[in-house]
Amino acid sequence: MKVTNSEIWAAKEPLDKLLQVKLPVKTSYQIARLVRKITEEYLVIEPVRIGLVKKYGKADDKGNISIFTAPQEDQEKFVVEYNELMGQEVEIVVDKITISAGQADKLELEPAIFLPLDKFIVVGD
């Protein structure tokens, strides 16, 4: 399946939350495998993203670096490179996971968890 770095980055936290939910063994296993694949790619993306923040961001008096307080020109350069990073496509070998409607009805999760997972998980029978 082809996915963008943006889709991977957005899916990481919701998948980590979904790992905490009790599901049938087959579904849990599929989610664990997906998390592993996503994490492998995330670990490539995140240091590059942090490097961009350090490169173009501005440190405050406590040493915290933020892109939002950087000069406008640096913010614009950051956005261009950040969009380039997040727009890159990678191929991951993983099947789309189906969570049955019955399983989904038992889940008490915010809709925000499923939105970034739309490419990876389908709810249905």
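I began with helices α2 and α3 (helices being DSSP runs of H or I, at least four residues, numbered from the N terminus), which are roughly antiparallel to each other, because their angle falls in that class (over 145 degrees). The model is predicted, so I noted that local features need pLDDT of at least 70 and side-chain atom pairs pLDDT 80 or more, whereas totals for chains, interfaces and linings use all residues. Residues are numbered from 1 along each chain as its sequence is written, and side-chain values use heavy atoms, without hydrogens and water.

**Helices α2 and α3.** I found that their axes (lines fitted to C-alpha atoms over the stretch in contact, with angles from 0 to 180 degrees between N-to-C directions) cross at roughly 170° and come within 9 Å. For the contact (heavy atoms within 4.5 Å), I listed residues including Ile45, Leu52 and Tyr56 in α2, and Phe78, Tyr82 and Met86 in α3. I recorded the residues of this contact as 9 nonpolar, no polar and 5 charged; Ala, Val, Leu, Ile, Met, Phe, Trp, Tyr, Cys and Pro count as nonpolar, Asp, Glu, Lys and Arg as charged, and the others as polar.

**An aromatic pair.** I counted 1 aromatic pair (ring centres within 6.5 Å). Phe78 and Tyr82 form this stacked pair (planes under 30 degrees apart), with 5.4 Å centre to centre and 25° between the planes. Both residues lie in helix α3, 4 residues apart, about one turn of the helix.

**Helices α1 and α2.** I then looked at α1 (residues 5-18) and α2 (residues 25-56), which pack at about 130° with axes 8 Å apart. That makes α1 oblique to α2 (outside under 35, 65 to 115 and over 145 degrees). Among the contact residues I noted Trp9 and Leu15 of α1, and Ile38 and Tyr42 of α2.

**Confidence.** I read a mean pLDDT (the predictor's confidence in each residue, from 0 to 100) of 92 for the protein chain, with 99% of its residues at 70 or more. Helix α4 (residues 101-106) has the lowest mean among the elements, 76, and helix α3 (residues 72-87) the highest, 98.

Note on methods: Helices (H or I, at least four residues) and strands (E, at least two) are DSSP runs, numbered from the N terminus. Rings of Phe, Tyr and Trp (its six-membered ring) pair if their centres lie within 6.5 Å; planes under 30 degrees apart count as stacked, over 60 as edge-to-face and the rest as tilted.
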